[in-house]
Every structure is written in C-alpha cells, then in structure tokens.
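Trainee: Could you take me through one part of this protein slowly, and then show me how that part fits with everything around it? I would like to follow the reasoning as well as the result.

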Amino acid sequence: MQTCRVRGKNLLQKKNIRMTKQRKVILEELRKQHTHPSADEVYRMVRHRLPRISLGTVYRNLEVLVQMGEIQKLELSGSLKRFDWDTNKHYHIRCVHCDRVDDAPIAPLNQLENELYGATVFEIIGHNLEFKGLCPECSENATPDHAG
Ligand SMILES: [Zn+2]
Ligand SMILES: [Zn+2]
C-alpha cells in the first residue's frame, strides 16, 4: 500500500515538483507549530502520521518544500537548520541558552536597505537580523550568583 514514486532519479525541476502525501503531512504539522523546528524535530512531529518515514526523507522533503516556496529555511546562528512555515519576511529571537526561536513582533526594516543604497558599491538584495536573549524559562533558571 505504499506509493513509492521514482526513487533514485530525483530531478528537482521547479515545475515538476509535486505535493506528495508526505510533504502535505509535513506541511500540516509544521503549520501547527510556532517553534521553528529543526529537521529532527519535524521528524518526531510527523512520525505518528507517517510511521515509516525516515529522517533522511523528512530532510529531503523539507528541502523540496523550501524550493517550492511553501516554507523557508532559517539562517540563524547555532548549529541546527530550522524551518518556518511563515514565508513572509520577519525576524526571530533566539534564546542563547536553550536555542528556542520565536518570531520577533516587529515590522521588517526595509528603510535600512534604502539607507544603504548608494552608500556602498554592493547591490543590496536583502538582510538578516537576529535578536538574541533568554527565554522566560531560562531567564527564571538563571541565578545571578554562580555558587557551586
Ligand atoms: Zn531558553
Ligand atoms: Zn518565524
């Protein structure tokens, strides 16, 4: 009962990318979250609906969904790549202690790019901005004195 489409040859031509059942489930589960999960976390999220899926397949499907423009891959500091169902331009806040990532509730600073226009020989195509701090839990656990 497994629909196993052409394995091996995997030509990622934009027009030929299809929304498979696996990708649909991944997208649906991702849209329930505001946590910006890593591939590993997405894997754990979808396993109850796709018990036979492998981490590698989840990873590949996430990359395909990025190419399709359905989700975006976040370029944040820290070790893990993270995925975001919200493809609109927005900023993130990262907890430096536990790596939790939330959306930063401010509008994109487009005027920054305008200010740079003409002031550099570069043609500006975008910018990244990442806030960092401590999430409520880590903030609470952080004791001012590091006794012991
Ligand atoms: Zn934290
Ligand atoms: Zn986000």
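**A close look at one helix residue and its surroundings**

Mentor: Let us begin with glutamate 41, which lies in helix α2. Before going further, please keep in mind that this is a predicted model, with a mean pLDDT of 85 for the protein and 84% of its residues at 70 or more. Over residues 1-13 the pLDDT is below 50, and that stretch has 4 contacts in the model beyond near neighbours in sequence. Where pLDDT is low, the predicted coordinates should not be read in detail.

Is glutamate 41 buried, partly exposed or exposed? There are 17 C-beta neighbours inside 10 Å of glutamate 41, and because a residue needs 20 or more to be buried and 12 or fewer to be exposed, glutamate 41 counts as partly exposed. In the protein, buried residues make up 14% of the 148 residues. Glutamate 41 also shows how the chain folds back on itself in space, for its C-alpha atom is separated by 9.3 Å from that of arginine 82, although the two are 41 residues apart along the chain.

Now widen the view to the helix itself. Two packed helices are described by the angle between their axes and the distance between the axes. Helix α2, residues 39-46, packs with α1 at an angle of about 100 degrees, and their axes are 10 Å apart. This angle falls between 65 and 115 degrees, and α1 and α2 are therefore roughly perpendicular to each other. On the α1 side the contact involves Val25, Ile26, Glu29 and Leu30, while Val42, Met45 and Val46 meet them from α2. Sorted by character, the residues of this contact divide into 6 nonpolar, no polar and 1 charged.

Helix α1, residues 21-31, has a second partner to consider, since its axis and that of helix α3, residues 55-68, come within 10 Å and cross at roughly 80 degrees. Here too the description follows from the angle, and α1 and α3 are therefore roughly perpendicular to each other. Gln22, Arg23, Ile26 and Leu27 of α1 make this contact with Thr57, Val58, Asn61, Leu62, Val64 and Leu65 of α3, and the residues involved divide into 6 nonpolar, 3 polar and 1 charged. Ile26 of α1 thus appears in the contact with α2 and again in the contact with α3.

To place these helices in the whole, read along the sequence, where the pattern is α-α-α-β-β-β-β-α-β-α, giving 5 helices and 5 strands in the protein. Among the strands there is an open sheet of 3, in the order β4-β3-β5 and with mixed pairing. Strands β4 (101-104) and β5 (130-133) stand at its edges, and because each has a single partner strand, one side of each is left without a neighbour in the sheet. From one strand to the next, the twist averages 30 degrees.

Within that sheet, strand β3, residues 91-95, pairs with β4 in the antiparallel sense over 4 bridges. Tyrosine 91 has alanine 104 in β4 as its bridge partner, and arginine 94 has valine 101 in β4. The two strands form a hairpin with 5 residues between them, and aspartate 99 in the turn has a positive phi of about 75 degrees. Finally, among contacts between residues at least 6 apart in sequence, 52% join residues at least 24 apart.

Technical notes:
Residues numbered from 1 in each chain as written. Chains lettered and ligands numbered in written order. Predicted model: local features only at pLDDT ≥ 70, side-chain atom pairs only at ≥ 80, totals over all residues. Contact = placed C-beta atoms within 7 Å. Pairing = 2+ DSSP bridges. Axes fitted to C-alpha atoms, helices over the stretch in contact; angles between N-to-C directions. Parallel < 35°, antiparallel > 145°, perpendicular 65-115°, else oblique. Nonpolar A, V, L, I, M, F, W, Y, C, P; charged D, E, K, R; others polar. pLDDT = per-residue confidence, 0-100.
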